[in-house]
Amino acid sequence: MLSQINNFQKEHVFSIASEAELIQSFRNRDQKKLVLPENLKFPLNVSSYFTWREPSGVYTYLVFKMPNWDLPRGVAFKKTAATGEPVGGLCSWCHAYGSSEDIGMLTVNMSSDVSSSYYICQDLRCIEKIEDASNLSGKSPEKNIAELYHRISKLFENISSYKPD
């Protein structure tokens with residue numbers, strides 16, 4: 001599933017000129033797992049962030065760019081298999097509530113021995129969920145979207161600052 005549209009007025013907008021540029025936004029370790037969506041057209045104009053799942057559903061990809069970053073950055077999340085009966089959960093990024101089929105553990109490999117896990121929306125459609133909740137409540141999404149951007153940028157800071165012992 002591709003997700004790149006929202007109505008937020010102060011969104012982060014960026015462009016990816018080519019398939020090579022999209023691939024280069026990912027770390028080398030994630031490039032090996034990369035399965036690009038079919039029929040992707042370039043240049044790719046992105047509002048907020050770009051996300052998709054590979055066909056088996058094991059990997060979900062995220063490409064994000066903060067205004068102060070020179071280039072977009074990408075990461076491959078691996079879905080952690082849920083065990084037991086489906087239960088409810090709260091996304092740590094957008095605070096959406098859903099079943100364990102909607103919200104669960106997505107893992108980023110930091111090295112061959114270390115990974116970091118996040119309890120978030122499996123489809124990474126957090127921005128749309130924030131906007132939907134704001135539309136229903138009649139409140140502005142700005143604060144929640146700014147917090148989402150902050151949480152995503154922290155993920156990339158943690159990845160880039162990781163140093164194996």
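Start by selecting Pro43, which sits in the loop between α2 (28-31) and β2 (44-47). Before you go on, keep in mind that this is a predicted model.

Now add Phe42 to the selection and look at the bond between the two. The peptide bond joining Phe42 and Pro43 is cis, with omega at about 0°. That makes it worth a look, because most peptide bonds are trans.

Next, pick Ala17. This residue belongs to the loop between β1 (13-16) and α1 (19-24). What does Ala17 touch, leaving aside residues up to four places away in sequence? The answer takes you back to where you began: Phe42 and Pro43. While you're here, select Asn45 too. Ala17 and Asn45 are 28 residues apart along the chain, and 8.5 Å separates their C-alpha atoms.

Follow the chain on to Ser48, in the loop between β2 and β3. Check its backbone angles: phi of Ser48 is near 75°, a positive value in a residue that isn't glycine. For comparison, most residues other than glycine have a negative phi.

From there, step into the sheet. Switch to a cartoon view and colour these strands: β3, β4, β5, β8 and β9. In that order they form an open sheet of five strands with antiparallel pairing. Which strands are at the edges? They are β3 (49-53) and β9 (115-121), each of which pairs on one side only. On average, neighbouring strands of this sheet are turned by 30° against each other, ignoring direction. As background, strands of a sheet pair through backbone hydrogen bonds.

Zoom in on one edge. Strand β4 covers residues 59-64, runs antiparallel to β3 and is joined to it by five bridges. To see one of these pairings, select Arg53 and Thr60: Thr60, in β4, is the bridge partner of Arg53.

Time for some empty space. Turn on a pocket or surface display and find the largest pocket, with a volume of about 200 Å³. Its lining has 14 residues, and the closest to the pocket's centre are Cys94, Ile130, Ala133, Ser134 and Asn144. Show those five as sticks. Then highlight α3 (126-137) and α4 (142-161), each of which supplies at least two residues of the lining. Which element gives the most? It is α3, with five residues. Colour the lining of the largest pocket by class and you get five nonpolar, five polar and four charged residues.

Last stop: colour the whole chain by pLDDT. The mean is 90, and 93% of the residues reach 70 or more. Now select residues 1-9, where the pLDDT is below 50. In the model this stretch has 32 contacts beyond near neighbours in sequence. Go gently there, because predicted coordinates should not be read in detail where pLDDT is low.

Technical notes. Residues are numbered from 1 along each chain as its sequence is written. This is a predicted model: local features need pLDDT of at least 70, side-chain atom pairs count only at pLDDT 80 or more; totals for chains, interfaces and linings use all residues. Side-chain values use heavy atoms; hydrogens and water are left out. On a 1 Å grid over the protein atoms alone, a cavity is a set of points where a 1.4 Å probe fits but cannot get out, and a pocket is an open set with protein on both sides within 12 Å along at least five of seven lines; lining residues have an atom within 4 Å of a point. Grid points are joined across faces, edges and corners, and a volume is the space filled by probe spheres set on the points. Helices (H or I, at least four residues) and strands (E, at least two) are DSSP runs, numbered from the N terminus. Ala, Val, Leu, Ile, Met, Phe, Trp, Tyr, Cys and Pro count as nonpolar, Asp, Glu, Lys and Arg as charged, and the others, Gly among them, as polar. Two strands pair if DSSP finds at least two bridges between them. Axes are lines fitted to C-alpha atoms, for helices over the stretch in contact, and angles run from 0 to 180 degrees between N-to-C directions. pLDDT is the predictor's confidence in each residue, from 0 to 100. Contact means heavy atoms within 4.5 Å.
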